[in-house]
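Student: Hi! I'd like a close look at one part of this protein, and I'd be glad if you took it slowly.

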Amino acid sequence: MNATHVYVHVPFCARRCTYCDFSIAVRRRVPADEYLRALGREIERAGRPAAPETLYLGGGTPSLLGGAGIAEIASLLGVGREVVEFTVEANPDDVTAEAARAWAAADVTRLSIGAQSFDDRVLAWMHRTHDSGAIGRAVGTARAAGIRNLSLDLIFALPESLGRDFARDLAAAIACEPDHISLYGLTIEPGTALARQVERGACSAAPEGRYEEDYLQAHGTLETAGYRFYEVSNAARPGKEAVHNRAYWRLAPYMGFGPSAHSFDGTSRWWNEAAYARWRELLEQGQSPVAGREILSAPQRRLEQLYLGLRTSEGIEVTEALAEQIGRWVASGWAAWLSAGEAGAVGRGRAPCVPSDRPSPTAPADPARGDVPSDRPSPTAPADPARGDVPSDRPSPTVPADPAPRRVRLTPQGWLRLDALVASI
Ligand code: SF4
């Protein structure tokens, strides 16, 4: 198989964050040589993808591989200057001048920096390895090395007891002038340190309504600062949308390498063993690390297309079969028609600009990590779209008479109900 989008999973973290349930390998010292040897074998088995357009190193903490490790992955894949976007996820304290220079020399074009918060007490509670000062230093160091396309991750909907000032964190993130900001709503996953804290009463989940409040606040603040939500969880300055993630949302083929990585050829999806030790062992024994495979039926594919389309500001094309239901969403304020110009821009492969009065939330689905579809449920108790619970005093709008492509996108209030809306189709 060939794919123009490649994901590599680097599973190592120096320690586990309070809320994290990802498949990672906690290592004080990263076994880089061992990992790269196994990765090389996997790439050799699968066949090196020819001229990838994007390369995304996620984890885990890929930045723990330092300058040489990242350069070696690029070399194993034969990726060079022709790559359109080469992203590395980085913890702020790994962005040293030496590492950043080496990444730039290896043609890394973009860093996704796990900031999460600018409050040192909150960062300590999260069990992060960095403090707030490290975020600004990482941004400056990356830019000085020539890596100018930067994204910051922020977490919202934190427990009330932390006293986190989300407005202050948003302002601090904007002050760093990143091109892109990703938002993650905190969820309490079974088996995590956070879940244990909640069980023994040391901490409580954010109160009802906090998720929606923080999300809409982020949306308003970022829009005012010139960012546009082009996906439920991702905001970017115009022209700085993530090319790689967009490929997932358009259901484009991709190849994944490393433990737990998923691949997709347009029809079927397969995924690797999640545990680092097992993945490596299989490759060392000359065996395939693939743990499972599914072939998407036509209805499954249509549902994924709908789900992924509704995550984005490109929205979905409205068929006659969906028109009445979508009309109810529009009447409820959960969806909005795209103008003919916006719909045409989608057809030409450009995202429509999201009107600034429309607000957006959740961990971005990353299919290469197996995150599709896994959004968090609506934090509120919305009317049930499956029952058609729209306010009865509103007229039921019909599809516009405009013969141009009929597309609709969710509003921020719709994005907050994404799962329920998709389930109602
Ligand atoms: S850095 Fe990311 S992957 Fe690693 S433990 Fe923290 S949340 Fe999990």
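Student: To get my bearings, how many helices and how many strands does the secondary structure of the protein come to? After that, could you walk me through strand E1 (residues 5-10) and go on from there?

Tutor: Sure, let's go. Before anything else, keep in mind that this is a predicted model. The secondary structure of the protein comes to 15 helices and 17 strands. The protein has 425 residues, and 48% of them count as buried.

Now to your strand. E1 covers residues 5-10, and six of its six residues are buried, which makes E1 a mostly covered strand. You can check this face by face. On one side sit His 5, Tyr 7 and His 9, on the other Val 6, Val 8 and Val 10, and all of these are buried. In other words, both faces of E1 are covered.

What does E1 pair with? One partner is strand E4 (residues 54-59), which E1 joins in the parallel sense over six bridges. To find a spot on your screen, look for Val 10, which stands opposite Gly 59 in E4. Another partner is strand E11 (residues 255-257), and this pairing is parallel too, over three bridges. Here the residue to look for is Val 8, whose bridge partner in E11 is Phe 257.

Let's follow E4 a step further. E4 also pairs with strand E5, again in the parallel sense, over four bridges. Tyr 56 stands opposite Thr 87 in E5. Strand E5 (residues 85-90) has six of its six residues buried, so E5 is largely enclosed by the rest of the structure. As with E1, you can go through the faces: Glu 85, Thr 87 and Glu 89 are on one side, Phe 86, Val 88 and Ala 90 are on the other, and all of them are buried.

Remember Gly 59, the residue opposite Val 10? Gly 59 turns up again in the surroundings of the ligand, together with Cys 13, Arg 16, Cys 17, Cys 20, Phe 22, Ile 24, Gly 60, Thr 61 and Gly 114. Sorted by class, this shell has five nonpolar, four polar and one charged residues.

Next, a pair of helices. Two packed helices are described by the angle between their axes and the distance between the axes. Helix H1 (residues 32-46) and helix H2 (residues 66-77) pack at an angle of about 15°, and their axes are 10 Å apart. Since angles under 35 degrees count as roughly parallel, H1 is roughly parallel to H2. The crossing of H1 and H2 is right-handed.

For a buried spot in a loop, try Ala 157, which lies between strand E7 (149-156) and helix H6 (166-175). Why does Ala 157 count as buried? The cut-off is 20 or more other C-beta atoms within 10 Å, and Ala 157 has 25 C-beta neighbours inside 10 Å, so it passes. Ala 157 and Leu 186 are 29 residues apart in sequence, yet their C-alpha atoms are 5.7 Å apart in space.

To set against E1, look at E14. Three strands form an open sheet in the order E12-E13-E14, with antiparallel pairing. Its edge strands are E12 (262-264) and E14 (290-295), each of which pairs on one side only. Neighbouring strands of this sheet are turned by 15° against each other on average, direction ignored. Strand E13 (residues 268-272) is joined to E14 by five bridges in the antiparallel sense. Arg 269 stands opposite Glu 294 in E14, and the bridge partner of Trp 271 in E14 is Gly 292. So how many of the six residues of E14 are buried? The count is zero, so E14 is hardly covered. Compare that with E1, where six of six are buried.

One last stop: another open sheet of three strands, with the order E15-E17-E16 and antiparallel pairing. Strand E15 (316-317) and strand E16 (335-337) stand at its edges with a single partner strand each, so one side of each has no neighbour in the sheet. E15 and strand E17 (residues 407-410) run antiparallel and are joined by two bridges. There, Ile 316 has Val 408 of E17 as its bridge partner.

Terms used
Residues numbered from 1 in each chain as written. Predicted model: local features only at pLDDT ≥ 70, side-chain atom pairs only at ≥ 80, totals over all residues. Near = placed C-beta within 6 Å. Nonpolar A, V, L, I, M, F, W, Y, C, P; charged D, E, K, R; others polar. Buried ≥ 20, exposed ≤ 12 C-beta atoms within 10 Å, placed from the backbone. Pairing = 2+ DSSP bridges. Axes fitted to C-alpha atoms, helices over the stretch in contact; angles between N-to-C directions. Parallel < 35°, antiparallel > 145°, perpendicular 65-115°, else oblique. Left-handed = near helix turned anticlockwise from the far one by under 90°.
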